[in-house]
Amino acid sequence: MLYPVIWQNDSVSLIDQTRLPNEYSVVQIHRSEDMAQAIKTMIVRGAPAIGVAAAYGMYLGAREIETNNHHEFLERLEKVAELLRSTRPTAVNLFWAISRMMKTAYETLGTVENIKQNLWQTAQAINVEDLQTCYAIGNHGLAALPTTPEKLKILTHCNAGALATAGYGTALGVVRSAWGEGRLERLFADETRPRLQGAKLTAWECVQEGIPVTVITDSMAAHCMKQGLIDAVVVGADRITANGDTANKIGTYSVAIAAKAHHIPFFVAAPFSTVDFALADGSQIPIEERNPAEIYQLGETILTPSGVDFYNPAFDVTPAELITAIITENGAFLPSELAKFQFQPII
């Protein structure tokens, strides 16, 4: 099992996902500033994994604060939270984890050392809970998948696997569960331009475990559906609004439209911490725009002529009406059913 974010040797170990699939390397993070940089540069990526990393980043920041004054400590911890929140605007798990850590800090009685100890325990709890959540999502997803054919051909987009979580994965967790139960014939992985997370990361995870995987370009998804090569689509999510609209890696919306046109079920797999009940619908989700170099450059190769303009949104929003079900650790729900949870605390 892959664990992209773990605490060991008094620091945080991150699998450097910018170097996969050609090089497997681990980065040791000792400071909150370094964690913020790792999140921003996508050494660690995927909404749940970012949440776990941010929780550890909060503890690292707390550990760096040298004061015994309770009020001063909390003020400086707020600045650590602000730094980490500024790294990626779309993934709500980042903000959820930071809010949970700040809640722990404010509610802990006793000394500053007591607060630091509780922050470490909370970060550890977030890590363990996410792994348990992924296993539960896998099980609920397996139950939600079509019953025919007996062995399914599933399409996914981007990487929502072990690398994007504390381990096992959300969308790829459903795939893993299907594979383990003999329900999967083959996974089709969109390459996921422009950063190629499907080709680089999802395919790499599958190869490690012997899961049959075929990489296709993003523009081939509709064709594969028309050819009868896809029985279901399972993707992850970076933020889900109260009405069930879902932000995920750019290109997901196109896949959902194609799935609807071909009468193929389209599932979103994500933990409940990804649901942002403060937002009514997807029009309110902030969409991160990234460096245009991701579009015009592959390695050292420039792909476009000079003088052109670029638009590089990292995410798009799939409307709830295109989603068959949202698979969570608590079960699979229609998007419209999320509203009944909005008055329940998520922390």
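**A four-stranded sheet, an annotated site and aromatic pairs**

In this predicted model, four strands form an open sheet in the order β11-β8-β9-β14, and the pairing within this sheet is mixed. The edges are taken by β11 (275-276) and β14 (315-318), each of which has a single partner strand, so that one side of each is left without a neighbour in the sheet. Strands of a sheet pair through backbone hydrogen bonds, in either a parallel or an antiparallel sense. The pairing between β9 (residues 246-249) and β14 is antiparallel and runs over four bridges; within it, N248 has D316 of β14 as its bridge partner.

N248 also appears in the annotation of the protein, since an unreviewed UniProt entry lists R45, G46, A47, R88, Q197, N248 and K249 under "binding site". Of these residues, R45, G46, A47, R88, Q197, N248 and K249 are included in the lining of the largest cavity of the model.

Two of the listed residues, R88 and Q197, may be described further. R88 is placed in the loop that joins α3 (70-85) and α4 (92-107), and with a relative accessibility of 3% it counts as buried. When neighbours within four places in sequence are left aside, the contacts of R88 are I39, K40, M42, I50, L94, F95, K249, E288, R290 and F315. Q197, in turn, belongs to helix α7 (residues 197-209) and is likewise buried, its relative accessible area being 4%. Not counting residues up to four places away in sequence, Q197 touches M42, R45, C158, N159, E191, T192, T202 and K249. K249 is thus found among the contacts of R88 and also among those of Q197. The charged end of K249 is itself positioned over the ring of F315, at 4.3 Å from the ring centre, and F315 is one of the residues in contact with R88.

A second case of a charged residue over a ring involves R176, which lies over the face of Y168 at 6.0 Å from the ring centre.

Among the aromatic side chains, the count of pairs comes to six. One of them is formed by W7 and Y59 in an edge-to-face arrangement, with 5.5 Å from centre to centre and 70° between the planes. Because W7 lies in strand β1 (residues 5-8) and Y59 in helix α2 (residues 47-64), this pair ties together parts of the chain that are 52 residues apart in sequence. Both W7 and Y59 are buried, and together with Y56 they form one aromatic cluster. The pair of Y296 and F310 has ring centres 5.2 Å apart and planes at 45°, and is therefore tilted. As Y296 lies in helix α10 (residues 293-296) and F310 in the loop between β13 (301-302) and β14, the parts tied together by this pair are 14 residues apart in sequence. Y296 counts as partly exposed at 25% relative accessibility, and F310 counts as partly exposed at 32%.

Elsewhere in the chain, L155 is located in strand β4 (residues 152-156) and is buried, with a relative accessible area of 0%. Apart from residues up to four places away in sequence, the residues touched by L155 are F188, D190, I216, A221, M225, I230, A232, V233, V234 and V255. Between the C-alpha atoms of L155 and Q284, residues that stand 129 residues apart along the chain, the separation is 28 Å.

How values were computed:
Residues are numbered from 1 along each chain as its sequence is written. This is a predicted model: local features need pLDDT of at least 70, side-chain atom pairs count only at pLDDT 80 or more; totals for chains, interfaces and linings use all residues. Side-chain values use heavy atoms; hydrogens and water are left out. Two strands pair if DSSP finds at least two bridges between them. Helices (H or I, at least four residues) and strands (E, at least two) are DSSP runs, numbered from the N terminus. UniProt positions are given in the numbering used here, feature names are shortened, and annotations may be inferred rather than shown by experiment. On a 1 Å grid over the protein atoms alone, a cavity is a set of points where a 1.4 Å probe fits but cannot get out, and a pocket is an open set with protein on both sides within 12 Å along at least five of seven lines; lining residues have an atom within 4 Å of a point. Buried means under 20% relative accessible area, exposed over 50%, partly exposed in between (1.4 Å probe, protein chains only). Contact means heavy atoms within 4.5 Å. Rings of Phe, Tyr and Trp (its six-membered ring) pair if their centres lie within 6.5 Å; planes under 30 degrees apart count as stacked, over 60 as edge-to-face and the rest as tilted. A charge sits over a ring if NZ of Lys or CZ of Arg is within 6 Å of the ring centre and within 35 degrees of the ring normal.
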